[in-house]
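Visitor: Please show me the model, and then explain how the labels attached to it were reached.

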Amino acid sequence: MRILKLLIACGFAGTINLSCNQIKKEKMTESASELPKTKFEKNINPEDFTTTIKGDSVKFFVLTNANGMVVTFTNYGQRLVSLYAPDKDGNFKDVVLGFNNLENYRSKKNFYGATIGRYGNRIAKGKFSLDGKTYDLAINNNENHLHGGEVGFESVVWKVVEQSKNAISFSRTSPDMEEGYPGNLDVRVSYVLTNDNELQISYEAKTDKPTYVNLTNHSFFNLKGEGEGTVNDHIALLNADKFTPVDNGLIPTGELRDVAGTPFDFRTPKLIGKDIEANYDQIKLGNGYDR
């Protein structure tokens, strides 16, 4: 089991777990569709997230905790729509970028807040070999395959299999050869909003054939609040001595390069924007930091 822990500086954290444990089918509890009465700035009408797509119901879901945090989702693409968290002075802001209606998520090709699959990031030339067989995938990012293909996990409707006031679980089965990937893949993603102001995310996947799986969440965070400017004045700390350079197609070259003396050195706290326009090949290729 791989576990990746991400700590966000405004007081909440996310935990991502990927395992091959069997997914349990659980009965969904009835959920409220209305947002709690708050002074939050984003104007979201749950009805703007309610429709039917290819026979599947799309709805709006809300989690809250004892401290006044509010997290909202749509099961279209299993997207994190908003996350209202307090700053050090107790002021609440929506720290996740997104839209306030379903139509914008559907009409604009984007990954805002979505669960990405089957494979987050790029696969070179849209091909991979497994057990002596080569699989061809969609070429949807220059000459490479990106984020699961033309219709990835961000563009399908997920089932909600369990929900309470502070937790929700989504699931779907990606059928054998969907977007070119072998095996029926059962996926479950669960969120828990704790009273420590943590948003915990866990991933579980089970397949009946050898396959590649690389699940992730594609939220963009701005700890000042959505619409409050760039994140260039955010301070980042990364305990990493090396990074993976990429080629012109943003595919890792296989090199592990020392961060020392490069814009990728965040071993001590540094403003994100300090070196973002540096005259450095990897900054130019990614148009900033793209890893």
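**From values to labels**

Guide: Tyrosine 289 has 27% relative accessibility and therefore counts as partly exposed. Buried means under 20% relative accessible area, exposed over 50%, and partly exposed in between, with a 1.4 Å probe and protein chains only.

Visitor: What is this model, and which atoms and residues enter the values?

Guide: This is a predicted model, in which local features need pLDDT of at least 70 and side-chain atom pairs count only at pLDDT 80 or more, while totals for chains, interfaces and linings use all residues. Residues are numbered from 1 along each chain as its sequence is written, and side-chain values use heavy atoms, with hydrogens and water left out.

Visitor: Why is the pair of phenylalanine 266 and tyrosine 289 called edge-to-face?

Guide: Rings of Phe, Tyr and Trp (its six-membered ring) pair if their centres lie within 6.5 Å; planes under 30 degrees apart count as stacked, over 60 as edge-to-face and the rest as tilted. The centres of phenylalanine 266 and tyrosine 289 are 5.4 Å apart and the planes stand at 70 degrees, so the pair is edge-to-face. Phenylalanine 266 is in the loop between β21 (257–258) and β22 (270–271) and tyrosine 289 in the segment after α2 (281–286), so the pair ties together parts 23 residues apart in sequence. Phenylalanine 266, at 5% relative accessibility, counts as buried.

Visitor: What makes the pair of phenylalanine 128 and tyrosine 135 stacked?

Guide: The count of aromatic pairs comes to 17. For phenylalanine 128 and tyrosine 135 the distance is 5.3 Å centre to centre and the angle between the planes is 25 degrees, which makes the pair stacked. Phenylalanine 128 and tyrosine 135 are both buried.

Visitor: Which side chains of strand β11 are buried, and which are not?

Guide: In β11 (residues 127–130), Phe128 and Leu130 point to one face and are buried, whereas Lys127 and Ser129 point to the other and are not. Strands here are DSSP runs of E with at least two residues, and helices are runs of H or I with at least four, numbered from the N terminus. In a regular strand the side chains alternate between the two faces of the sheet.

Visitor: How do you know that β11 and β12 are paired?

Guide: Two strands pair if DSSP finds at least two bridges between them. Four bridges join β11 to β12 (residues 133–136), and these strands run antiparallel. Lysine 127 has aspartate 136 in β12 as its bridge partner. The hairpin of β11 and β12 has two residues between the strands, and aspartate 131 takes a positive phi near 55 degrees there.

Visitor: Why does one side of β5 and of β8 lack a neighbour in the sheet?

Guide: The open sheet has four strands in the order β5-β6-β7-β8, with antiparallel pairing. β5 and β8 (92–94) stand at the edges with a single partner strand each, so one side of each has no neighbour in the sheet. The twist averages 15 degrees from one strand to the next. β5 and β6 are joined by five bridges and run antiparallel; phenylalanine 61 has phenylalanine 73 in β6 as its bridge partner.

Visitor: What makes serine 169 buried, and what does its side chain meet?

Guide: Serine 169 has a relative accessible area of 5%, and is therefore buried. Serine 169 is found in strand β15 (residues 167–174). Its side chain makes a polar contact of 2.7 Å with the side chain of serine 190. A polar contact is a pair of N or O atoms within 3.5 Å; within protein, one must be able to donate a hydrogen and the other to accept it, and residues adjacent in sequence count only if both atoms are side-chain atoms.

Visitor: Why is asparagine 67 called partly exposed?

Guide: Asparagine 67 has 38% relative accessibility, and so counts as partly exposed. Asparagine 67 lies in the loop between β5 (60–64) and β6 (70–74). Leaving out residues up to four places away in sequence, asparagine 67 touches Phe92, Asn195 and Asn197, where contact means heavy atoms within 4.5 Å. The side chains of asparagine 67 and asparagine 197 are joined by a polar contact of 2.8 Å. Asparagine 67 and asparagine 195 are 128 residues apart in sequence, yet 6.6 Å apart in space, C-alpha to C-alpha.

Conventions:
Axes fitted to C-alpha atoms, helices over the stretch in contact; angles between N-to-C directions.
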